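This report introduces one protein model to a reader who has not met it before. Please look at the sequence and the structure first.

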Amino acid sequence: MSVREVAELLDHGTLLRLKSECGGLQTLLKNNHQVFRVEGGRVHIRDWRAGSEERGRAESKRGRPVASGALKTRSCWFHSQHPQGCPLEAAQCCFAHGPQDLRPSTKPLKKMKWSAV
């Protein structure tokens with residue numbers, strides 16, 4: 001389905017709100033890359049069972065592998081929200097399947113540009 005077709009499913013007020021809150025529908029979909037994949041203006045639901053690109057190889061936006069300290073630091077959207085759950089076993093998924101899997105991030109916090117001294 002194209003981004004335009006997805007947009008046609010929403011009313012004009014919702015599209016305006018998305019534009020003002022998060023930069024628009026395509027930005028919202030890309031920001032939720034755990035669930036959606038947007039390529040060439042087409043929207044796909046991400047299938048984590050597919051090849052290494054789609055699977056839990058966990059890559060950053062620049063295509064570099066994510067440090068192991070970032071694994072399981074966020075909840076799995078599929079596990080908690082999809083009616084059929086996550087297609088992967090907890091051990092294969094890069095995201096936490098419940099509070100027992102959730103780990104604190106070891107990634108250092110970004111320094112605030114205008115932080116108070």
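What share of the residues in the protein chain is buried? The model is a predicted one, and in it buried residues account for 25% of the 117 residues in the chain.

The protein chain holds four helices and two strands. Read from the N terminus, the order of these elements is α-α-α-β-β-α.

Some totals for the chain are listed below.

| Property of the protein chain | Value |
|---|---|
| Exposed area | about 9100 Å² |
| Part of the exposed area supplied by carbon and sulfur atoms | 54% |
| Contacts joining residues at least 24 apart, among those between residues at least 6 apart in sequence | 38% |

The interior comes next. The largest nonpolar core consists of nine residues. Cys76, Cys86, Cys93 and Cys94 are among them, and the core also includes Val35, Trp48, Phe78, Leu88 and Phe95. Leucine 88 is in contact with Trp48, Arg49, Cys93 and His97, when residues up to four places away in sequence are left out of the count. A second core, separate from this one, has eight residues, including Leu18, Leu29, Val38 and Val43.

Helix H2 spans residues 12-22. What lies at the start of this helix? There, a side-chain oxygen of aspartate 11 comes to within 3.1 Å of the backbone nitrogen of glycine 13. Just after H2 comes glycine 23, with a positive phi of about 95 degrees.

Terms used. Residues are numbered from 1 along each chain as its sequence is written. This is a predicted model: local features need pLDDT of at least 70, side-chain atom pairs count only at pLDDT 80 or more; totals for chains, interfaces and linings use all residues. Side-chain values use heavy atoms; hydrogens and water are left out. Buried means under 20% relative accessible area, exposed over 50%, partly exposed in between (1.4 Å probe, protein chains only). Contact means heavy atoms within 4.5 Å. Accessible areas come from the Shrake-Rupley method with a 1.4 Å probe; for residues, only the protein chains shown count as cover. A nonpolar core is a set of buried Ala, Val, Leu, Ile, Met, Phe, Trp, Tyr and Cys residues joined through side-chain atoms within 4.5 Å. A polar contact is a pair of N or O atoms within 3.5 Å; within protein, one must be able to donate a hydrogen and the other to accept it, and residues adjacent in sequence count only if both atoms are side-chain atoms.
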